[in-house]
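Colleague: I have not read an interface before. Could you take me through this one step by step?

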Protein chains: 4
Amino acid sequence: LVPLHAAERNVLVLNTGGTIGMTMHPGGLAPEPNALVNYLRKLPFLHDAIYAEQSFLYEYYSYADTLVLPLSEQKKRIVYTILEYVPLLDSSNMTPDDWVKIGKDIEKNYKNYDGFVILHGTDTMAYTASALSFMCEHLGKPVVVTGSQVPIYEIRNDGRGNLLGALLIAGQFVIPEVCLYFNNKLYRGNRTTKVDAGSFNAFCSPNLGPLATAEIDIKVNWDEVWKPDTQDTFQVSTDLSCNIGLLRIFPGITCATVKAYLQPPMKGVVMETYGSGNAPDNRPDLLAELKEATDSGIIIMNCTQCLRGVVSPTYATGTALTAAGLIPGSDMTPEAALTKLSYVLAKTDLDLKAMKEMMGKNLRGEMSCQGKPELGLRDS
Amino acid sequence: LVPLHAAERNVLVLNTGGTIGMTMHPGGLAPEPNALVNYLRKLPFLHDAIYAEQSFLYEYYSYADTLVLPLSEQKKRIVYTILEYVPLLDSSNMTPDDWVKIGKDIEKNYKNYDGFVILHGTDTMAYTASALSFMCEHLGKPVVVTGSQVPIYEIRNDGRGNLLGALLIAGQFVIPEVCLYFNNKLYRGNRTTKVDAGSFNAFCSPNLGPLATAEIDIKVNWDEVWKPDTQDTFQVSTDLSCNIGLLRIFPGITCATVKAYLQPPMKGVVMETYGSGNAPDNRPDLLAELKEATDSGIIIMNCTQCLRGVVSPTYATGTALTAAGLIPGSDMTPEAALTKLSYVLAKTDLDLKAMKEMMGKNLRGEMSCQGKPELGLRDS
Amino acid sequence: LVPLHAAERNVLVLNTGGTIGMTMHPGGLAPEPNALVNYLRKLPFLHDAIYAEQSFLYEYYSYADTLVLPLSEQKKRIVYTILEYVPLLDSSNMTPDDWVKIGKDIEKNYKNYDGFVILHGTDTMAYTASALSFMCEHLGKPVVVTGSQVPIYEIRNDGRGNLLGALLIAGQFVIPEVCLYFNNKLYRGNRTTKVDAGSFNAFCSPNLGPLATAEIDIKVNWDEVWKPDTQDTFQVSTDLSCNIGLLRIFPGITCATVKAYLQPPMKGVVMETYGSGNAPDNRPDLLAELKEATDSGIIIMNCTQCLRGVVSPTYATGTALTAAGLIPGSDMTPEAALTKLSYVLAKTDLDLKAMKEMMGKNLRGEMSCQGKPELGLRDS
Amino acid sequence: LVPLHAAERNVLVLNTGGTIGMTMHPGGLAPEPNALVNYLRKLPFLHDAIYAEQSFLYEYYSYADTLVLPLSEQKKRIVYTILEYVPLLDSSNMTPDDWVKIGKDIEKNYKNYDGFVILHGTDTMAYTASALSFMCEHLGKPVVVTGSQVPIYEIRNDGRGNLLGALLIAGQFVIPEVCLYFNNKLYRGNRTTKVDAGSFNAFCSPNLGPLATAEIDIKVNWDEVWKPDTQDTFQVSTDLSCNIGLLRIFPGITCATVKAYLQPPMKGVVMETYGSGNAPDNRPDLLAELKEATDSGIIIMNCTQCLRGVVSPTYATGTALTAAGLIPGSDMTPEAALTKLSYVLAKTDLDLKAMKEMMGKNLRGEMSCQGKPELGLRDS
């Protein structure tokens, strides 16, 4: 039986909480501890009890919370172990400390598993996926964040399909990225944002196509999958700065508001500007306030408040903001820009200039490269 | 000829600026004054010079900047007069003062025109359309805001089509709303948001279908068109509060940030929460801060940061925020909620309670009604 | 326990075959008899074994193949009995005889059930749903056709979700139509067509929105649901004509081809024309051939080969075809038009004129009403 | 001035007719001869009269119907000459003879122009684009077919934008394909089909993404653009077979119908089958009829009646049809398969075997390669 188990693919599932594992309580839906594994055991497509018994799976793995999928279409056996967090969290309640915990758990178990699945609430899932993408340095294995809009214990729900798809991808495809899997699509995690609070199709990746689609067949778009350019060892950076913020501009925003928002200990701000990175250039008071802030060492990223779009250094329109010291954020989502700031600002070995350079650089596929001339026109 | 002119439909075009009327200058695209009318005169589908001459149009109207469309498919003559603002504004530079100016111009000319078109930059167009929808009380004629992503002077652009569609709708359909027309679709203005900085299809109305589509035929979805329930006289409310703000929450947001943002003279804040209106309920410090603010008279609206979704008072998840005094914002866009705050907070004849009630009520179709039980299930 | 069972909703599932119940055989996927019920029993969300036991369900219903769903979100108990066809059919192999069998089974069991689910292959599902919609006269209960693109026995599949959704709708909502449920959407059956051979989102209803969507909540679009205008007794018309055909025109189609296709015993043809119902009007040979056919009593329907679009009698473009005796098919799909022909041509009590009138009339919501002037323009 | 003109790009526009150039006549819309050029001269964005005069354009080119665009965004001058067909044709009336005429005109003028635009009605545009793609052998310059849903003479129409986009692409981008440009998208012509009779977005390319999109910028997807693999000389093959047909199967199709359709002089048939290329395999009569036809030398292509999907030789489901001699058509549209048959069957120097091989091979990007194993799974 040892060779049998040696051929298995192993996935670690970190169950952090979220709607997927909630049940109805007097005050509304709330996470239900110690219930998920027992429930999954009853679902034959999520646990092959016969194989488990015949192969002495529990004896071999010695973890109580180990389950095994039926043989996949690709003829692989995926064994998965669920590590349940205590307490389980509604994702609205997650903080950078929880990201650190997840990161550490991936690091600690990195060598023993082929891939990782993070069960998570949808509300802050795009933030967590973005944060993990930066924290995980030199990642060589798939980390797939997923969850659901309806609890897996309900009759009709999206949790079964999301968990299953995430397991099949994490266990079988070498996509060395922090991804988000939802509603039959695999996205790069730091490209996602939650766009719909009421539909199973809750997420989108506005400026990058999906990495894979799971319809009748699972089709990976290998051209888009991130190719790491280093051979360095995987490690998780767990230092994160909390002195960060998001500031969306709007017509008539007062200088007082901006000033208040930029006061110490603020260190980094994602400014959600108009269109392709525009802001008033007829408001010297506002621009002076921003200039003062960047002069004093605050990093301000210029990201658009449009769902889709690019803030490029080549556009004239953002000139006033660039002059005020803002860094063009290309097509980063607010979630990606914010968590990147949190990651970069905590690198105490870097000086401000190096941090700013890092913020403007593509680290994990979170932004489209800038300045590259578009070679669309081919002269005959 | 008088009867001829009497049968015409009259539209006033307020040209406030924006990309549609920009030309290339050394520092980039910038509004070009005194150019639009002359350019439009050269486009036969936007000006019927022969009719103008034969009907002594200029003598009759005595405005230099009056043009006339060819006979429409619906056999109407639409005469339009362009009033150009000085200076023309990039919409990034527009402020509530500009909204007031637009509102006053509509009010001043209300009786003399069948409809109004506002040419405007796209960057803040959704804000302006939202603000005008509240400022225009008891509106009985169409006000159509439009513009373009590419200047009308460029060879290939979306300005010609957008202006033409806006004129045809404002001149022929009694849609008594402030609308936004873009890329062949007419939306309720206070439902829109700019979602794409790089496409002609720049706007969407995430929680309400279009009021009309202009494909081979112009089809109005009359079921969705707003039916005013009063017979009061049209008037424009030009008092707007500037002590307002948008605060998007994110994991790890510090209490200091929230406190700084809510400090005086702040009077009203749109809080962009997670999903269906969620925020951490395990952060007593944060909730206390919010409670203190609402107790002190600040109105805080609970709106989702998801593009689509509803924040409803019936969800348990937002309980903590409701307890902290926040008002559920249903499916209002941030643009609508913010400008509604600006409008309501300036009603000095109202006390705080009345203002709060007004904020939670559907005033101009900007939000779906709440509390109405969904009668989806019909028992046999 | 009797009152308990009395409160249950009863659904009859006719399992005709199709991918949903296939397993891999040496020659490829093939229907697997006597397997579905046993498999469903193992899925707790499709069968509540504890309730079944405690309520003596099997004793009460005395059918071996009766299962019961867990309590639904709407607090209903749906008991369903599966009637498996012998042999199970790949839907490519289904014929009008099979439609008759399904129709008779519905008729026979009509009084004893609240709704019906038809499990069916996807290849001809839109044809079957269309045919049943005509055969079922004065239908007062939901008949929901569904199936899947991947067998329910596979790990990752769309069969579980499709079956579950169909059961929940058939058992709880009084939608008195033959519907098709697929990928979280309920369509009017005679409006559907299979548009994608490789995706879970295999069907669309090109000219009518969905009757219901099943996302986080099941939302029925009651405005679109068919309201029967008679109080007549439900009956199934099982006479169907087989002398029918589909003829798609294309540039250069020869007269010989058309002539060959229209030769006896052909009685009715759906001609798939261009755009809004156009065909060459400079081909007197072709038009004469068509005229001769309609004169001889063949009914020819003019339907568009475009996925979306309307063939209206008011368009000038189809004049030549109308002159040749073709009947404008409005926005009927080819599947609907063909099965409607099959149904109408078998009404031996009708003369040709009455049959033609019936073909041009909206019988089951399969076509948008014609000739109704669109009141889009409202003059002030 | 000669160097000035030498730097210009030259496009030949073949105006074959269609809605784009129609005006209202007593019997409905009909093509209006000798009107287009004069109308275009009045539109400054489609003709730069000042440049034409200053550069002595008419003297230089000596064609009456030569116009010149204003300087493009890419700083090119595109001069275009319109060759108007007599008579102008409604595209419903076009036949393979018209395709031959277009092909010959391209061949005759090939050396003198940088690109070609074909103005054409929408009804059979996808057929013409498909046919031309096969007829044009070793094409090295862009041929862009376009037209509109609303005449260019109407106030609001899609003709201006479609013509302009087609000219800018044909004059500036070396896309050596027969393309179809519509509603801001450039498609490979033999991949298109008309899907909407009532919208400006009338075409789609169901199994291949657009070659280019023309939003704020024109972006070419160079990865998808066809790379010719030979250096042979461009030539137009003008032999086309007319003994071809489209046969869509449906449940209950009679053997008599199939037999009638396949009778001489039929030489090639596109059979529109179910799903991934399925047909009844329990109908020996039908299969025998098909076998007899293919044995007798008729080529039958197996294409799906689904809008999207692939008929692959590797699927078991189509086994019976392959055994009956049908050739799997991959993801070819019916339009492409039909015109390819017309082209291949006319190659009298080829024997039947060679013709069949040619039909199963990708000639002009009209089908996705078959048999290529999908390397989706990458083992670690």
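**Reading the interface**

Modeller: Between chain A and chain B, 22 residue pairs are in polar contact, both residues at pLDDT 80 or more. A polar contact is a pair of N or O atoms within 3.5 Å; within protein, one must be able to donate a hydrogen and the other to accept it, and residues adjacent in sequence count only if both atoms are side-chain atoms. This is a predicted model: local features need pLDDT of at least 70, side-chain atom pairs count only at pLDDT 80 or more, and totals for chains, interfaces and linings use all residues. Residues are numbered from 1 along each chain as its sequence is written, chains are lettered from A and ligands numbered from 1 in the order in which they are written, and side-chain values use heavy atoms, with hydrogens and water left out.

Colleague: Which elements of chain A give two or more residues to the side that touches chain B?

Modeller: They are helix H5 (96-109), strand E16 (244-248), helix H8 (255-261) and helix H11 (334-345) of chain A. Helices (H or I, at least four residues) and strands (E, at least two) are DSSP runs, numbered from the N terminus. E16(A) gives the most, with five residues.

Colleague: How many residues does each chain bring to the contact?

Modeller: Contact means heavy atoms within 4.5 Å. Chain A brings 49 residues and chain B brings 49 residues.

Colleague: How is the size of an interface given?

Modeller: Often as the accessible area lost when the parts come together. Here buried area uses a 1.4 Å probe and is summed over both parts. Chain A and chain B bury about 4000 Å² between them, with 56% of it on carbon and sulfur atoms. Of the area that chain A buries against chain B, 16% comes from Arg248(A), Phe250(A) and Pro251(A), more than from any other three residues.

Colleague: How many salt bridges does the rule find across the interface?

Modeller: The rule asks for a side-chain nitrogen of Lys or Arg within 4 Å of a carboxyl oxygen of Asp or Glu. It finds six across the interface of chain A and chain B. In one salt bridge, the side chains of Asp196(A) and Arg308(B) meet at 3.1 Å, N to O.

Colleague: What turn lays chain A on chain B?

Modeller: Copies are superposed by least squares on the C-alpha atoms of residues with pLDDT of at least 70 in both. A turn of 180° with a shift of 0.0 Å along the axis lays chain A on chain B, with an RMSD of 0.0 Å. That is the relation of a two-fold axis. The same surface serves both copies, as 100% of the contact residues of chain A recur in chain B.

How values were computed. Buried area is the accessible area (1.4 Å probe) that two parts lose on being put together, summed over both.
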